[in-house]
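Colleague: Got a minute to go through this one with me? I would like to start with the strands and then move on to the rings.

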Amino acid sequence: MSLSFHQLFVFGVILLSCVLYVQGQSYEDARCKCVCTYKNGTRLVKKLRVTSVPLSNDCDEVAGPVEEIVHGNTTQEMCSRCECTYESRNTNIIKFVVIIVIWVISLLVIYMLFLICLDPLLNKRVKGNYVEHTNDDVSSREFKIIDDISSSSQAPGTSHPMGMRGSNVLNRVGHQQDKWKRQVQEQRKNIYDRHTMLN
Amino acid sequence: MEKRPLKVSSGSAASNTPASYHATDEKVRRIRRLSNDLVSITADQYGGSNLRSISVSSDDEMIDITTSGTMTEHTLGDHHHGGGGACGVYFSGGESLVSVDSDEIPGIGQYEDFHTIDWQRDIARDRMRHRYIVKRKQKSICDLVRGAHDAWSGWLCVLLVGLVTGGVAGVIDIGASWMSDLKFGLCPQAFWLNKEQCCWSWSSNETSIEDSRNCSQWMSWSEIIAESNTGAGAFIVSYIFFIAWALLFASLAASLVRMFAPYACGSGIPEIKTILSGFIIRGYLGKWTLIIKSVGIMLSVSAGLSLGKEGPMVHIASCIGNILSYLFPKYGRNEAKKREILSAAAAAGVSVAFGAPIGGVLFSLEEVSYYFPLKTLWRSFFCALVAAFVLHSINPFGNEHSVLFYVEYNKPFMFFELIPFIGLGIIGGVIAVIFIKANLYWCRYRKMSRLGQYPVTEVLVVTAVTAVVAYPNPYTRMSTSQLIYLLFSQCGTVKDPLCSYQFDPTLNGSGGLKPGEGLYWAVFLLILALIFKLVTTVFTFGMKVPCGLFIPSLCLGGIVGRIVGIGVQQLAFNYPHIWIFSGECSTGECITPGLYAMVGAAAVLGGVTRMTVSLVVIMFELTGGVRYIVPLMAAAMASKWVGDALGRSGIYDAHINLNGYPFLDSKEEFTHTALAADVMQPKRSEPLSVLTQDSMAFEEVEAMLKETEHNGFPVVVSHESQYLVGFVIRRDLNLAIENAKRTMTGLRNNSLVLFTTSPQSPLAPHSPPPLRLEKILDLAPITITDQTPMETVVDMFRKLGLRQTLVTHNGRLLGIITKKDILRYIKQIDNEDPSSVLFN
């Protein structure tokens, strides 16, 4: 299990670095958007003009030239008004977020495919291990109680220490995964089979 | 359990008068005062006397214990108002204890899945913990710091919730808008930009507004594949790509939800409402739900389905609140306290969904929260503020606003326009009722029939139909948020056929309102879009993908409003001499169709959800104009009246009812003349399972646990007298017995189980050591008499947040009323199936 996670992680890092390497045309992070209204003949015409500005500037300087251009192009210019707004954005955040989203979705899809295709094969081995526990009445109850406690505290870091069973990390991960699978199974039963919730 | 509890009385009986309560909720306080008499009599008579016999330790002894061993605090008498002696803090020098507020037996104070919480018990537990910390504050610097941390942890927690919620909302906004545009094309040079961002700084030369929509940097799929942008071939290629992407996104969303977190489907607001009213749904606010809901909502919005991400944002924020509350044991381990954080989180959710912090707080207050003291109001306010600020600084849409359809409005409205606004409210209410009825019918059909067995197929079919029908109509092809933006905006800022007026020079002044060909066509398309959206939303809401309702209902109302607005405008343009249009408005220029769209949107949303105050505030925060409060209020009110007259409840309450969640609505009145004895369990001639305080053997208790399925057992003095001592919750009893089996030596089947510290008959000299369980006993259960009218009982349940109440007659225990009994009774008198209540 942890192996596949590891591989996925490496895959993700490679993907991420590839994506970061492919730098497209640089997109400015600030612009001035001016909507200029003037009269052409008797009707009102609106023109849009977008100018990129350095970050420190604002639209005051841009508005002047725009007005001149408009003046130059129209003959019967009566009055022209430009409403300029300074707008800024951060393309790096957008890039970062979109890449993270792609990454998360692909991770989830890969994990889903893994659970659908490979896990039933791998699980045959684990099953035998698991039955031993449930045979013992007391320990299975205890098991349930601990389940209850740790499932109620879902935050990382507050999980109940499970020193009594196999203390190595792999076992614990496997155990957590089993517990989670049982919970999801229960949720599926509630929603898709019995239709008691979220209809 | 060979520990000697030392009791430190936390105050004399005099200091526990009702005046010293710390409860902030005025209602709770009032009702508690009413019920105080009953309770204190019970506790004084039966429980209190036992406790008072325990010696009170001096402060010195307490310090000794503090320094020598770990401390445990245990709440014995839950309701500290229940008689002077019933409350106390127990310190015991123990060896296996973890932290200050943990109970001795792990898991006590938690609840099982699908159970209701006992607000009183949890609040009393928290008060005990708080008192303990305050008491220790003077002892050392470390304790002082701990006390300070405890005091500010609520604020810290909501701060973190706000920060994370803002961040997650930013990610969802950016991701969803990018993926939505992926259906149409790609920005080849920077694939991570959506269409608007791709063309953001495109036009270096001046352009007219219509050109700004097609920039050369954005390439549609037909351009990439067929290298042409016009003609039938290009249309077909784009059409196919549109459908293919929609199906891909929808299938991903549905299968991710099915695979990882089935609880992530739906809007989540009915469930959040139920949870906040004191219900436990394990895993509903877990981390997998958070991840899958966030990813799933991006996918399902991008799939072009008729749904929005605003409702699920409330669920997402609540998940964040739940997860982060575990960082603070004060909230993580106390379900009643945790709900304060969840209320604040819900406010943050709406705050980021609409960029409306105040609206979010009011939404939490009006719609979702059940218990909302002032302290929570301030925390919600702060949480919403932080979340809105974070989202604003992420600036996901590049327009300096947190929503795509933000519009700036400053046009005045005429007085006579209130009439069409109220008319819009009525239309909105009617549409909302049609929608609710149809949607409920469809959801019930899905629940009962074979359709429910094919959740993923259903999603795919609906997506395919939506995509196929939506693409040819430009108004349904664009994303719903964009459509709302278009409907809300004024002519001149956007270029659309909706604004295609012909200029007629013969009319002096403003000849610009003569409708062009494009306008008629646009209105026709809008009517088609209205029908299409209404039908698809009925089928979409309730599918097994994350889906919200705000955006579709805003859109429905927006379309209606825009059409009505155009109608009124043309009326004023064509008949300028009607007296209402005379004066300033003789040309029709004063009518702004966008404003009508806004009012219509508010009307439909108000009709669907039955919100009023929060809806108006959200709408005016969306538009940044305080000027339109009156029109919005008029429409929201009219819509609510019409909605209430035609249909009984809003969509969320209807879904709560459909699912049978145990939600005791505090808005509805209970008007039946039943008495407690009619509702009480057990019915006549059935025995009541009770425990006795000092005469039951261990095996008898175990046998009773095996034979019955009750969630709690009253404890009486003896089977003969039936005098009430207290109440034990099944889960606590189970945990305590498991714990005793593990830790206690010499426990045999014939050991006595004692729920009292001073048994009436002394133990036989050679008997096995008794199992002492007095610590898990609630000595102050709420009791009523059998002649109490049910109105009072229901009020007590609502306002005190009770889980059960015991019914006595002449001081003897007669029966028990649980929340489940009340809900079933209400269903029964409403002629509905009482077994549909989801409850354990």
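Modeller: A definition before we start: two strands pair if DSSP finds at least two bridges between them. Keep in mind that this is a predicted model.

Colleague: Fine. In strand 16 of chain B, which residue is the bridge partner of B:Thr785?

Modeller: B:Thr808 is the partner of B:Thr785 there. Strand 15 and strand 16 of chain B are joined by 3 bridges, in the parallel sense.

Colleague: And how many bridges join strand 16 of chain B to strand 17 of chain B?

Modeller: There are 6 bridges, and those two strands run antiparallel. One of the bridge pairs puts B:Val807 opposite B:Gly815 in strand 17 of chain B.

Colleague: What is the strand order in that sheet?

Modeller: The order is 15-16-17 in chain B, an open sheet of 3 strands with mixed pairing. Strand 15 (783–785) and strand 17 (812–818) of chain B are the edges, each paired on one side only. From one strand to the next the twist averages 35°.

Colleague: Which helix packs on the sheet?

Modeller: Helix 28 of chain B, residues 790–800, packs on it and touches strand 15, strand 16 and strand 17 of chain B. The direction of helix 28 makes about 60° with that of strand 17 of chain B.

Colleague: How many residues of strand 16 of chain B are buried?

Modeller: The count is 5 of its 6 residues, so strand 16 of chain B is mostly covered, with buried meaning under 20% relative accessible area.

Colleague: Switching to rings. How many aromatic pairs does the structure hold?

Modeller: Over all chains there are 30 aromatic pairs. Take A:Trp180 and B:Trp288: their ring centres are 4.6 Å apart and the planes are at 25°, so the pair is stacked.

Colleague: Where do those two sit?

Modeller: A:Trp180 is in helix 6 (residues 169–193) of chain A and B:Trp288 is in helix 9 (residues 287–302) of chain B, so the pair joins two chains.

Colleague: Is A:Trp180 buried or exposed?

Modeller: A:Trp180 counts as buried because its relative accessibility is 12%. B:Trp288, at 23%, counts as partly exposed. Both tryptophans belong to one aromatic cluster with A:Tyr111, A:Phe114 and B:Phe260.

Colleague: What about B:Phe413 and B:Tyr628?

Modeller: They form a tilted pair, 6.3 Å centre to centre with 45° between the planes. B:Phe413 is in the loop between helix 14 (374–394) and helix 15 (418–448) of chain B, and B:Tyr628 is in the loop between helix 22 (613–623) and helix 23 (629–646) of chain B, so the pair ties together parts that are 215 residues apart in sequence. B:Phe413 is partly exposed at 22% relative accessible area, whereas B:Tyr628 is buried at 1%.

Colleague: Which ring does the charged end of B:Arg258 sit over?

Modeller: That of A:Tyr192, at 4.7 Å from the ring centre. In chain B, the charged end of B:Arg379 sits over the ring of B:Trp155, 5.4 Å from its centre.

Colleague: Last topic, confidence. What is the mean pLDDT of chain A?

Modeller: It is 64, and 41% of the residues of chain A reach 70 or more. Within chain A, helix 3 (residues 91–117) is highest, at a mean of 92, and helix 5 (residues 137–152) is lowest, at 41. Residues 63–78 of chain A have pLDDT below 50, and that stretch has 20 contacts in the model beyond near neighbours in sequence.

How values were computed. Residues are numbered from 1 along each chain as its sequence is written. Chains are lettered from A and ligands numbered from 1 in the order in which they are written. This is a predicted model: local features need pLDDT of at least 70, side-chain atom pairs count only at pLDDT 80 or more; totals for chains, interfaces and linings use all residues. Side-chain values use heavy atoms; hydrogens and water are left out. Rings of Phe, Tyr and Trp (its six-membered ring) pair if their centres lie within 6.5 Å; planes under 30 degrees apart count as stacked, over 60 as edge-to-face and the rest as tilted. Helices (H or I, at least four residues) and strands (E, at least two) are DSSP runs, numbered from the N terminus. Buried means under 20% relative accessible area, exposed over 50%, partly exposed in between (1.4 Å probe, protein chains only). A charge sits over a ring if NZ of Lys or CZ of Arg is within 6 Å of the ring centre and within 35 degrees of the ring normal. pLDDT is the predictor's confidence in each residue, from 0 to 100. Contact means heavy atoms within 4.5 Å. Axes are lines fitted to C-alpha atoms, for helices over the stretch in contact, and angles run from 0 to 180 degrees between N-to-C directions.
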